[in-house]
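Q: I would like a close look at a single part of this model. Please treat the geometry and the residues involved in one connected account.

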Amino acid sequence: MEREPAGTEEPGPPGRRRRREGRTRTVRSNLLPPPGAEDPAAGAAKGERRRRRGCPQHLADNRLKTTKYTLLSFLPKNLFEQFHRPANVYFVFIALLNFVPAVNAFQPGLALAPVLFILAITAFRDLWEDYSRHRSDHKINHLGCLVFSREEKKYVNRFWKEIHVGDFVRLRCNEIFPADILLLSSSDPDGLCHIETANLDGETNLKRRQVVRGFSELVSEFNPLTFTSVIECEKPNNDLSRFRGCIIHDNGKKAGLYKENLLLRGCTLRNTDAVVGIVIYAGHETKALLNNSGPRYKRSKLERQMNCDVLWCVLLLVCMSLFSAVGHGLWIWRYQEKKSLFYVPTSDGSSLSPVTAAVYSFLTMIIVLQVLIPISLYVSIEIVKACQVYFINQDVQLYDEETDSQLQCRALNITEDLGQIQYIFSDKTGTLTENKMVFRRCTVSGVEYSHDANAQRLARYQEADSEEEEVVPRGGSVSQRGSIGSHQSVRVVHRTQSTKSHRRTGSRAEAKRASMLSKHTAFSSPMEKDITPDPKLLEKVSECDKSLAVARHQEHPLAHLSPELSDVFDFFIALTICNTVVVTCPDQPRTKVRVRFELKSPVKTIEDFLRRFTPSCLTSGCSSIGSLAANKSNHKSGSSFLSTPSSDGMLLRLESLGQPTSAITSNSYSSQADDWASELAQEQEPDHELRYEAESPDEAALVYAARAYNCVLVERLHDQVSVELPHLGRLTFDLLHTLGFDSIRKRMSVVIRHPLTNEINVYTKGADSVVMDLLQPCSSVDARGRHQKKIRSKTQNYLNLYAAEGLRTLCIAKRVLSKEEYACWLQSHLEAESSPENSEELLFQSAIRLETNLHLLGATGIEDRLQDGVPETISKLRQAGLQIWVLTGDKQETAVNIAYACKLLDHDEEVITLNATSQEACAALLDQCLRYVQSRGLQRAPEKTKGKCRSVLCCRSTPLQKSMVVKLVRSKLKAMTLAIGDGANDVSMIQEGMQAVMASDFAVPKFRYLERLLILHGHWCYSRLANMVLYFFYKNTMFVGLLFWFQFFCGFSASAMIDQWYLIFFNLLFSSLPPLVTGVLDRDVPANVLQTNPQLYKSGQNMEEYRPRTFWFNMADATFQSLVCFSIPYLAYYDSNVDLFTWGTPIVTIALLTFLLHLGIETKTWTWLNWITCGFSVLLFFTVALIYNASCATCYPPSNPYWTMQALLGDPVFYLTCLMTPVAALLPRLFFRSLQGSVLPTQLQLARQLARKSPRRHRTPKETSAQGCLPKDSGTEHSVGRTVSVPLSQPSWHTQQPACSPEASGEPSTVDMSMALREHTLLERLSAPAPSLPTFSLLNWISSWSLVSRLGSVLQFARTEQLADGQTGRGLAVQPHSGRSGLQGPDHRLLIGASSRRSQ
Amino acid sequence: MTWSATARGAHQPDNTAFTQQRLPAWQPLLSASIALPLFFCAGLAFIGLGLGLYYSSNGIKELEYDYTGDSGTGNCSVCAAADQGRAPPPPCSCAWNFSLPELFQGPVYLYYELTNFYQNNRRYGVSRDDEQLSGLPSALRHPVNECAPYQLSAAGLPIAPCGAIANSLFNDSFSLWHQRLPGGLYVEVPLDRSGIAWWTDYHVKFRNPPLVNGSLALAFQGTAPPPNWRRPVYELSPDPNNTGFINQDFVVWMRTAALPTFRKLYARIRQGNYSAGLPRGAYRVNITYNYPVRAFGGHKLLIFSSISWMGGKNPFLGIAYLVVGSLCILTGFVMLIVYIRYQDQDDDDEE
């Protein structure tokens, strides 16, 4: 065994097999009579239970129940859950303490009120949430679905919830799968169906699923009644990318089941009329639901800090109570023996010992001072966070019109973490880029075709985008511009017309409409489709076409071409057919031409291959193929294929001979007309425009590129691909195999039979690093070999150039197989296929055997355009002090150039590349490298390390490596990180242990919204919440301080001068609303200033608003204020006849006023809501006080404040005290704040001042760069092209970006494990120039690995090399990207073993 | 960014000032320039108020006498010595002589003051039954547990009024005599003992239980007086409107003081010739010395005080206003300096 099986393995290979054997589930058809004696495995008990309904099995039904409570269980269960919160337990404990007569402080019932109130609010919220869940469950459970009924012998409509495991379900196009279903039959003749998994992972491209092997060959309609097989599969698990099992037929034959056979609940059936399947997992056992862990509750950094401070408060409370207790003990000891008239003995008349009294006093004090632990804080924080989430969701500037999606917060309680992010880990493709691939350049046979006109066209898209309001077509000027610097003469004019029309459609609204229309079509934008061909290449292609058309009836038609032209031809054939692109005709109704292929080709593809029904314009062709295929099937039966290749070939040739005529008559493709005519025809009849649906956007881009060269992919069946050429007409290639793309091989191949030469050809398309190594070794002896070598080196140069321009490079190669070679390979391939156990591994080997000795045809450069505003966003984020790490699977050069383009790297920054070789678990070495760089770069100032590393680029990283990097940074640097990605391959980075993207914390429509989300909302959220938390601490400490000071005057007897009602409701009612409003609405710095000055974000990173220092400063101020607020009334009423509560009420009033004024000082923006709530609070207090004091004379023992407030309102001293005390209390704070605002203003205050001075000056900056000037030469052109991109219709491309909290740990994701192994990995680490220290360190780490290397020895090798790195690496300085090498000390630029080792 | 109004997506958020957090807001910037006028204004206002308060407080006269009877302080020391040791101290009388050189401007209030007396301690403060005091017959018979150990007498009878507060009722009494001319006769100055309690206390909170056969004594039958009391509650005063629970002294006492040093109003002098105040001459206060305070280090004082619009004498408020006002002015000046220094800088910055 040379490699780990791809795709579906879990990280720990041991135990997997055991699990599979030990933990399987057996599924049978429910239509069968219960298995009796013939099935001992099922067990008798199970059999009995099955008899209830037809044959329901022992497994969960499909009812969705996400509710937590029932009517009966709500109260106990909810209370139980709420009491998991320590705070709630604490408050209830305190309240219950009141029921103990010896220690009670308040009326017991009253003391329970606040905690009951809080519990009730939470319970109500839970109830509401549960009710909404119930409603949505009910809705989902009552969705309809066609289920085969045993009684009625047909499909009947049933609710989703009635589906059981073992039921047969029939689904039609665009329906959602109700459960995990094993695909048994598809309306597609090839047993394929397409699903969209957007609900699961956010990816909108279609995925193919395949009927279980053995069922696709069924001649007639699938009949569930005849299904007698038994399915054995895994127990339900949450691994979306893995499904293994086997189906055992009656005759004992087994067939393997793979994830390609499984339709997952929540996915949508697309482009397939109907499918039938048997339910394998239902309800909560489906993979989707197993992945759905519901809303997650992460704890934010701020909250953790706050909890720590709450503990300080608890400590403070205990200290105060202890102090009080000791004081009371002394007081008792002093007075009890002295016949003090105010000393009250215990109820039986005996005197209380001081110690007992102290203990009681301690407990009572805890009750009285409980306010110190802010009971309302948690509720308030939840409210504030909910509001923040609401505001973020509502932000119209975070709304993407094109996709009609707004930003979604899925995690509800970490909004403030957005303001404290230090590291951003970003995926590149699809996150920074649009994931719209645009064909830019190509090299064929060593000749480069720069596609200048195409580049100009792309530039015009940008223009069109920037002038989106001007829909008035300016054709003249465009055509003028189009001709500038173009080699084209006549054709340009024509071209400009088409570009003009696209230019119009390029505008936003149009694009949106287009995207609406093509909702279910992945990857087709005008930009991709419409490619201006390079005239030279076009000429060559048409030359090939013509000469082949002439020579097609000869023996070796290709031999008439020069080697170069032959390469050109093969190149375009490869572009056209070496993919899995599906052809659809969007405007035709999806009517299926029911041509049944009675017999499949015996040649099985590794991956399931796509098949698309024919566009109606080509129906005649299709049916002719059908008939031909039917004929063909007579020859092909079973494995007899090998014996009849020639006859097949004849047939195919016959077919291709007959084809052109039918094509000409049936549609407007004409071999006589020149290529423009056909172009025109296409444009005139847009209804007949073909649309390509691809699994990956690269493929679509290539096919569209080929189409621009009149090499049109018109049809793809499971075993045939048809290509339309203007002169040759339709060529139908017999598709023998498709060796699908995987990230280990990094290439895909098709094996076809060439209709012209009747040869068996392998076309391979793949990453240049891989393909270049698989080329046929060319001898330097003969001229041909030398020529070939030259071509290769030229191509390699161009590839480097493409990479340097940031293009994605692909190599196209070809291999001609002799019959014998093919037969030999096929033999082993079929063996591999039929082996059920290790088929994936064997198929992998088989593919590798085929893809050797390739002949290089050419290479392509595809641009993955940066999203709108990415460079600006990145530079803003960098200004904001965020360190951005881009983790990408691209090759180093491409990644570095993209990094320059998106301003991740600046040209005046030094870039240091550090490469190293690693072993299989990259974590260890990554760790080493990280630490190594840290120690190297910053030996003397390890603290500054973090600040110095500006941006890091990790290339060639696999998903698992991504997640490891994130984990590493989190654990080693203890930093706040944010991971952002767009698809399933980033999930592991975003969160370990969770496969489903549903678990992301936020979803933003586009990368550029990140700027606003972080810099604006993040900052606000953090600042608001930090200030609110601080305020709550202040408020409670200050309030408790008042009570505590009083203890010095009441013998520490835990007496309170504040009426218990005020004491209990003060936090809850009178002083809660204004801080809430401030916490929700306060904007410490206006939005425009925040966006123009991103460096303000650093205040959140540095925790400037809420530091331990701030906390203690705040507490000290609270103590001071409470002292003032206590002592002024004390002195004012000293030596008077004031009674306890008449004295206490002014203190409460003063406290309230002080709180509000304090809040006023801290509030930066006063909206009418702030005014109203402040007024309301004061009003509420007086109203409640007046009503309470007038309501009952004797009802509220022991205080009975009857008429107190009324009496106070007639007392001038009351007013005088209330006027002066808050001013005196807040004087220092006001003084300090004003002084600081003038003398030492913080960044934020400066920004505020700035905004105030010139409120009009700071508008939201509209990026207008790089619009006006057309590129002068090709060198600068692409970078211009990248800075601004054309916003076109984009499928809803969600970007997930959870802020990872350190405690979020778990099993490493198994999802992408296969790709995570031993791949090329490059980690670059960059840091910005620091003023004093030499600039910066970049770690560029490559672990190259051969796919088929021997584990052990390499492991050994890697270790030794790693060791050597540490010792000698210092000397190996390289200056990869910058000319300023001389400035750099060797310490900072290291090459740790830049070896790339391939042992093949 | 422009948003076309026509192509509005289904999920497009509302573009309102509230949802977009664009509510118009006043954004004060705390800096010297803003704080400066604030401090000066507040300072000036406070100083003005403080001066007014100070002078009006200074206009109030107070005359106080500590009659606790520490040895050598007057003739009450005999009584003070006598009360040491014995459980119910024997009745004792003493006197305080003083003379007024000029008219003591009325209305004059007579207070008694206790120091070091923790009426505000928790167990003391809760030891009462407001329902009993409001005349509820059931509560009269069944005082609440909070009253313990003064809930039931040794004989098991319910105590009325129950609780520690009532038990510790201040029971010294005073009478004021005026000698108009030197060597002349002492004339008793009428002390207005009515209306010394809060109106609401006297009329609403405290009620006698319903009379039985027109007799208050019968209403209280079956209850015991508090242990420290010499008389039952219905004999506190011969005046039927001032006896039982609505005895003014009792009501005043039951309003527990906020601080361990407190005054309670004993009487007002506003009747007859004394409505304008106490004229000049010699005075004598006859004190019935009952209340033992020396054991716990307390003091008893007698205070004559006039009052003004702001109540009794309270020099603190005026001084506090003056101090806070001065502080405001002071910080205002600091701000002024800061403002002048940094204003220039700001201007430079702007240029």
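In which hand of crossing does α32(A) pass α34(A)?

A: The model is predicted, and the description below should be read accordingly. The crossing in which α32(A) passes α34(A) is right-handed. Two packed helices are described by the angle between their axes and the distance between the axes. Here helix α32 of chain A spans residues 1009-1047 and helix α34 of chain A spans residues 1073-1081; the two pack at an angle of about 160°, and their axes are 8 Å apart. Since angles over 145 degrees count as roughly antiparallel, α32(A) and α34(A) are therefore roughly antiparallel to each other.

The contact itself can be listed by residue. On the side of α32(A), the participants are A:Arg1024, A:Met1028, A:Tyr1031 and A:Phe1032. They meet A:Pro1075, A:Leu1076, A:Thr1078, A:Gly1079, A:Val1080 and A:Leu1081 in α34(A). By character, the residues of this contact of α32(A) with α34(A) comprise seven nonpolar, two polar and one charged.

For wider context, aromatic pairs number 83 over all chains of the structure. One of them joins A:Phe571 and A:Phe572 in an edge-to-face arrangement, with 5.3 Å centre to centre and 90° between the planes. A:Phe571 counts as buried because its relative accessibility is 0%, and A:Phe572, with a relative accessible area of 2%, is buried too.

Technical notes
Residues are numbered from 1 along each chain as its sequence is written. Chains are lettered from A and ligands numbered from 1 in the order in which they are written. This is a predicted model: local features need pLDDT of at least 70, side-chain atom pairs count only at pLDDT 80 or more; totals for chains, interfaces and linings use all residues. Side-chain values use heavy atoms; hydrogens and water are left out. Axes are lines fitted to C-alpha atoms, for helices over the stretch in contact, and angles run from 0 to 180 degrees between N-to-C directions. Helices (H or I, at least four residues) and strands (E, at least two) are DSSP runs, numbered from the N terminus. Angles under 35 degrees count as roughly parallel, over 145 as roughly antiparallel, 65 to 115 as roughly perpendicular and the rest as oblique. A crossing is left-handed if the near helix is turned anticlockwise from the far one by less than a right angle, and right-handed if clockwise. Contact means heavy atoms within 4.5 Å. Ala, Val, Leu, Ile, Met, Phe, Trp, Tyr, Cys and Pro count as nonpolar, Asp, Glu, Lys and Arg as charged, and the others, Gly among them, as polar. Rings of Phe, Tyr and Trp (its six-membered ring) pair if their centres lie within 6.5 Å; planes under 30 degrees apart count as stacked, over 60 as edge-to-face and the rest as tilted. Buried means under 20% relative accessible area, exposed over 50%, partly exposed in between (1.4 Å probe, protein chains only).
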